[in-house]
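Trainee: Could you take me through the reading of a ligand site and of charged pairs in a model such as this one?

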Amino acid sequence: MDNKEIFHNLQAQTTPFPIGLEISRAEGLFIYDKAGKAYYDLVSGLAVTNIGHRHPKVIEAIKKQLDIHLHVMPYGEFIQTPQLELAEKLNEILPANLTTSYFVNSGAEAVEGALKLAKRYTGRQEIIACNKSYHGSTHGALSVSGNPVKQSAFKPLLPDVHFIEFNELAELDKITTNTACVIIETVQGDAGVRIPELCYLQKLREKCTETGTLLILDEIQTGFGRTGSFFAFEQYGITPDILVIAKALGGGMPIGAFVSSKEIMDCLTHNPMLGHITTFGGHPVNCAAAIANINVIQEENLVDDVHEKGALMNQLLSHSLVKEIRQIGLMLAIDLENEEITQQVVEGCMEKGIIAFWFLSCPASFRLAPPLTITTKEIETVCGVICEVFDSLG
Ligand code: PLP
């Protein structure tokens, strides 16, 4: 069997039409295929490589940890330096109430942990989430993802989950003293970059506080500088009770976390004891990579010009084929006339060596979320190429 046949037959597929690009290596802004063709990765491996592929400092940290130890014990028993240092680093960059991190392996797992924590802490069962949200594909995370088509084949899901319209103030009245938590993306990603009003998130925060409901902010896609601040909630003047992070946390390595106050987190230690455990959560190599990743973002001041770079992309992509651009920092949704044109644009970009991608819940739109390290010159180049693709279809 050749590699394509193995990929299609021996590796489980997620769609009947995978892109199937065969990768030889990746570096910085670029991914290279087996023929040596370079592709600008304008989606950062889907909001992961915010500091670019294989940043030298991340590689160095990984290599160093490889020589010290790999897995030694399931999460939470032994004291491991990379976990300590990552917990300290997160404590340093997060607001005062978010002191305590529980490390897991992925975004969906962080969401699972956060939902369980909210139920356990409040003693309530009701969960409120938003239409068109995406929080992951495991049963709990899927239960709170507002996409009925993706949910339909996998029912029954979690009971007592209620969906509200994102960014609609009147809907917040559905949050009551029966609600354990509201889980919400600070900026909705897979709904096609939906940016809420300042007053909406502030009112949501107030309503949660008033009713003793825990506010879970999902910053899995928006975290680590993507929207122009380290976390998007900073731009809204609010803090969550539980924060979920993953994707760009690990600088290209798989790690997630849910973070809360010590008081809230402590309830996971009893009634039942070991009520939430993970073998590989907080793997030392991935923690070492995550520390290096956060250091790079800080030392290279990568967040500083994200707003400017995003605004430049927004401006340079204005074209008669484009219906609307929703953009916050380097997170962009470009709306086109319909799904078919969107498909043609994504394919046309690929042919010209640019990786763009679709959204789960916004079919007539494509996404761009390049590494924060992209330069102004590179932005001009790639936007020029994308506009050539628009021209060829217009
Ligand atoms: N939450 C958000 C906002 C996401 O964008 C994603 C993944 O796209 C997830 C959760 C799930 O993360 P993972 O794929 O690591 O399970």
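Mentor: We take the ligand first and the salt bridges afterwards. This is a predicted model, in which local features need pLDDT of at least 70 and side-chain atom pairs count only at pLDDT 80 or more, while totals for chains, interfaces and linings use all residues. Residues are numbered from 1 along each chain as its sequence is written, and side-chain values use heavy atoms, with hydrogens and water left out.

Trainee: Which polar side-chain atoms lie close to a nitrogen or an oxygen atom of the ligand?

Mentor: A polar contact is a pair of N or O atoms within 3.5 Å. Here a polar side-chain atom of Asp 218 lies 2.7 Å from a ligand nitrogen, and one of Lys 247 lies 3.2 Å from a ligand oxygen. The protein covers 81% of the 390 Å² of accessible area that the ligand has on its own (Shrake-Rupley method, 1.4 Å probe).

Trainee: How many salt bridges does the structure hold?

Mentor: Side chains of opposite charge can pair when their charged atoms come close. A salt bridge is a side-chain nitrogen of Lys or Arg within 4 Å of a carboxyl oxygen of Asp or Glu, and the structure holds 15 of them. One of these joins Asp 241 to Arg 205, with the closest N and O atoms 3.0 Å apart.

Trainee: Are Asp 241 and Arg 205 buried or exposed?

Mentor: Both Asp 241 and Arg 205 are buried, where buried means under 20% relative accessible area, exposed over 50% and partly exposed in between (1.4 Å probe, protein chains only). In another salt bridge, Asp 266 meets Lys 262 at 2.9 Å, N to O; Asp 266 counts as partly exposed because its relative accessibility is 30%.

Notes. Polar contact = N/O pair within 3.5 Å; in protein donor to acceptor, adjacent residues only side chain to side chain.
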